[in-house]
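Visitor: I would like a close look at a single part of this protein, taken slowly and with its surroundings. Could you walk me through one helix and what lies around it?

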Amino acid sequence: MQTLLFGNGRSVEVPPFTTGLLKWIGNKQRMAHEIASYFPTNYGVYFEPFLGSGAVLGTLQPKRAVGSDTFAPLMEIWQTLRTDPERLKRWYAERYVCMMSGDKVAEYERIKASYNRQPNGADLLFLCRSCYGGVVRFRQADGYMSTPCGPHRPVAPDAFAERVDEWHRRTQGACFRQLDYREAIAQAKPGDLVYCDPPYTHSQAILYGAQRFRLRQLLDAIADCKARDVYVALSIDGTKRSGDHLCRLPIPTGLFEREILVNCGRSMLRRLQMRGQTLEGEVVADRLLLTY
Ligand SMILES: C[S@@+](CC[C@H](N)C(=O)[O-])C[C@H]1O[C@@H](n2cnc3c(N)ncnc32)[C@H](O)[C@@H]1O
């Protein structure tokens with residue numbers, strides 16, 4: 001497998017797009033354009049089976065796409081963006097007005113209680129933008145959303161509405177479905193492209209309630225894709241300080257052709273250069289593995 005450093009081996013220029021619709025832990029908004037610049041120049045349908053906040057899909061603006069995730073309230077948000085963006089704006093504005101015209105924390109807790117009584121996209125949309133640090137955290141045992149109210153002022157409804165319009169336009173070619181990644185990936189045909197950003201780390205498994213996720217099964221599914229001539233790009237969290245992190249993952253020899261270190265931002269790169277250390281033992285960047 002060939003390892004390429006920041007910027008080498010790109011196939012397309014993709015302009016940055018940093019205005020997120022949702023706040024989602026582990027979201028790739030800041031580096032989505034970097035990731036997308038390593039995608040093949042030509043492909044059929046774009047699949048993003050671990051959609052989360054859809055950062056890469058929104059940045060790429062594919063002509064035809066399937067965005068999916070197992071998390072039902074999240075997919076309700078995406079489906080509403082597609083079918084009724086005005087409704088999405090109303091969901092947000094109603095909750096914003098209540099929160100800002102009353103006791104902010106009490107109102108946040110009321111919305112959170114409503115979500116926890118019956119998980120739904122409308123409450124989740126507002127909670128992810130107003131919760132502490134934008135980290136929507138779920139209790140492992142029962143999926144209870146536990147994040148407290150954030151100290152910040154959530155983005156105003158007018159500005160949010162503009163984001164909805166922008167994201168509606170950018171995702172015109174996409175259909176959104178609640179699916180396990182295996183079901184989603186199985187639909188990919190020769191020449192299609194699949195981008196995977198799985199919750200493989202332990203911390204993320206807790207956050208998303210995705211304890212049942214197994215990287216090995218994903219790698220099998222990726223091998224199937226490769227055998228069917230489907231292009232696959234896989235993000236692996238490289239922000240850990242562990243030199244042989246990747247080596248310890250059960251990656252079959254020959255599955256990936258290239259490994260890219262995707263720049264997480266200039267400061268990270270500068271810090272690295274200043275220290276003048278080797279990449280091995282350092283926190284550097286996200287890793288992107290490509291089957292092509
Ligand atoms: C690391 S996040 C994706 C973040 C995304 N790239 C972004 O920019 O926001 C992983 C996502 O995988 C979803 N997920 C967990 N297990 C899954 C499964 N078996 N099938 C599909 N999606 C799953 C989680 O709900 C979560 O949204």
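Guide: Helix 6 is mostly covered in this predicted model, with 10 of its 10 residues buried. Those buried residues are Gly121, Ala122, Asp123, Leu124, Leu125, Phe126, Leu127, Cys128, Arg129 and Ser130, a list in which Asp123 and Arg129 count as charged. For the protein as a whole, buried residues make up 39% of the 292 residues, which is the background against which the figure for helix 6 can be read.

As to what does the covering, the elements around the buried residues of helix 6 include helix 3 (72-83), helix 4 and helix 5 (104-117). Of these, helix 4 can be described in some detail. The axes of helix 4 (residues 85-101) and helix 6 (residues 121-130) come within 9 Å and cross at roughly 60°, and because of that angle helix 4 is oblique to helix 6. The crossing in which helix 4 passes helix 6 is right-handed. On the side of helix 4, the contact is made by Leu88, Trp91, Tyr92, Arg95 and Met99, and on the side of helix 6 by Ala122, Leu125, Phe126 and Ser130. Sorted by class, the residues of this contact are seven nonpolar, one polar and one charged. The spacing of such residues along a helix follows a general rule: an α-helix has 3.6 residues a turn, so residues three or four places apart point the same way.

To place helix 6 in the wider fold, the protein has 11 helices and eight strands, and among contacts with a separation of 6 or more, 71% are between residues 24 or more positions apart.

One of the strands, strand 5 (residues 193-196), offers another buried element to set beside helix 6: Leu193 and Tyr195 point one way from strand 5, Val194 and Cys196 point the other way, and all are buried. In general, the side chains of a regular strand alternate between the two faces of the sheet. Strand 5 has a parallel neighbour in strand 2 (residues 46-48), to which two bridges join it, and here Tyr46 has Leu193 as its bridge partner. Strand 5 also runs parallel to strand 6 (residues 231-236), with four bridges between them, and in this pairing Val194 stands opposite Val232.

Methods:
Residues numbered from 1 in each chain as written. Predicted model: local features only at pLDDT ≥ 70, side-chain atom pairs only at ≥ 80, totals over all residues. Axes fitted to C-alpha atoms, helices over the stretch in contact; angles between N-to-C directions. Parallel < 35°, antiparallel > 145°, perpendicular 65-115°, else oblique. Left-handed = near helix turned anticlockwise from the far one by under 90°. Contact = placed C-beta atoms within 7 Å. Buried ≥ 20, exposed ≤ 12 C-beta atoms within 10 Å, placed from the backbone. Pairing = 2+ DSSP bridges.
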